[in-house]
Amino acid sequence: MWKLSVLSLILLLCTQSRSYSLTVVVDPGHGGGDKGAVQGTIKEADITLNVALKLAAEFSNDPSVKIILTRPANTALSLKKRIALNESYKGDLFISLHVNASIDKRAKGADFYIGHSPSIEPPTVSQNNRVDSIVKNVDRTIRLYQSQFLASDIFDTWKDSLVTLPRSIKQGPFYVINRNKIPSLLVELGFITNTPEALELIKEENQTLIAKSLHKAIKNFQSRKLN
Ligand SMILES: [Zn+2]
């Protein structure tokens with residue numbers, strides 16, 4: 001009887017460690033009155049929402065990953081509220097989706113942005129504040145490394161989709177990736193100002209391919225976190 005209880009406990013612990021779940025907050029850029037970049041009838045806000053919904057669908061049968069959309073419909077949402085939502089859902093990963101625009105109509109490809117490196121703040125009057133600032137910088141550096149891993153994963157899996165070519169991984173000044181306290185990435189899916197690319201980005205099958213690339217990268221991130 002005792003042996004049985006110990007066995008049950010071990011089994012329970014094993015099951016619990018296997019059921020580790022990842023909460024991913026997916027943020028379709030813009031929405032509502034803010035259409036984002038526009039070319040003719042093609043709107044950035046529509047593309048980002050469609051890809052986000054398809055990404056959520058990719059995980060519909062995966063109980064180990066919870067996908068939260070900051071906006072599941074064409075509604076307006078401030079950048080501050082996007083961060084607040086992420087904090088309330090206690091996300092492990094934050095991915096913001098956007099579509100690029102350029103005055104150079106030939107510009108094309110997908111870019112992957114992570115936040116800025118922490119800057120060492122000048123010594124403050126209080127030693128406690130200084131220690132606090134160092135700890136914050138260490139946290140931020142770890143988050144940046146994790147974001148960099150995710151960006152590399154997505155850069156690699158992006159090549160499978162062949163919708164837009166992966167162009168670069170950069171550090172960017174964007175609010176949502178710099179204010180978050182978790183690994184965060186902003187993906188520019190391609191250029192709306194490049195007509196052939198914009199026409200590819202609005203195709204439903206291509207949006208599914210992009211969602212599948214993102215799905216694969218998130219699963220890679222999750223398995224790395226489990227190890
Ligand atoms: Zn945008």
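In this predicted model, helix H2 buries a good part of its residues, namely Glu44, Ala45, Asp46, Ile47, Thr48, Leu49, Val51, Ala52 and Leu55. The helix has 15 residues and spans 21 Å from its first C-alpha to its last, close to the 21 Å expected at 1.5 Å a residue.

To see what H2 packs against, it helps to turn to the sheet. Here 6 strands form an open sheet of mixed pairing, and their order is S4-S1-S5-S8-S6-S7. Strands S4 (65-69) and S7 (166-171) stand at the edges with a single partner strand each, so one side of each is left without a neighbour in the sheet. On average, and with direction ignored, neighbouring strands are turned by 20° against each other. H2 (residues 44-58) packs on this sheet, where it touches S1 (22-28), S4, S5 (93-100) and S8 (184-191). The direction of H2 makes about 145° with that of S5. Helix H3 (residues 79-89) also packs on the sheet; the strands it touches are S1, S4 and S5, and its direction makes about 165° with that of S1.

Strand S5 deserves a closer look. It is mostly covered, with 8 of its 8 residues buried. Leu93, Ile95, Leu97 and Val99 point one way from the strand, while Phe94, Ser96, His98 and Asn100 point the other way, and all are buried. S5 runs parallel to S1, to which 5 bridges join it; within this pairing, Phe94 of S5 is the bridge partner of Val25. S5 also runs parallel to S8, here joined by 6 bridges, and His98 has Glu188 in S8 as its bridge partner.

Towards the S7 edge, S6 (residues 110-114) and S7 pair in the parallel sense over 5 bridges. Phe112 has Ile169 in S7 as its bridge partner.

Taken as a whole, the protein has 7 helices and 8 strands, and 36% of its 227 residues are buried. Among contacts with a separation of 6 or more, 80% are between residues 24 or more positions apart.

As for confidence, the mean pLDDT of the protein is 87, and 85% of its residues reach 70 or more. Residues 9-19 call for some caution in reading: the pLDDT there is below 50, and beyond near neighbours in sequence the stretch has 1 contact in the model.

Technical notes:
Residues numbered from 1 in each chain as written. Predicted model: local features only at pLDDT ≥ 70, side-chain atom pairs only at ≥ 80, totals over all residues. pLDDT = per-residue confidence, 0-100. Contact = placed C-beta atoms within 7 Å. Pairing = 2+ DSSP bridges. Helix = DSSP H or I, 4+ residues; strand = E, 2+ residues; numbered from the N terminus. Axes fitted to C-alpha atoms, helices over the stretch in contact; angles between N-to-C directions. Buried ≥ 20, exposed ≤ 12 C-beta atoms within 10 Å, placed from the backbone. Expected span 1.5 Å × (residues − 1).
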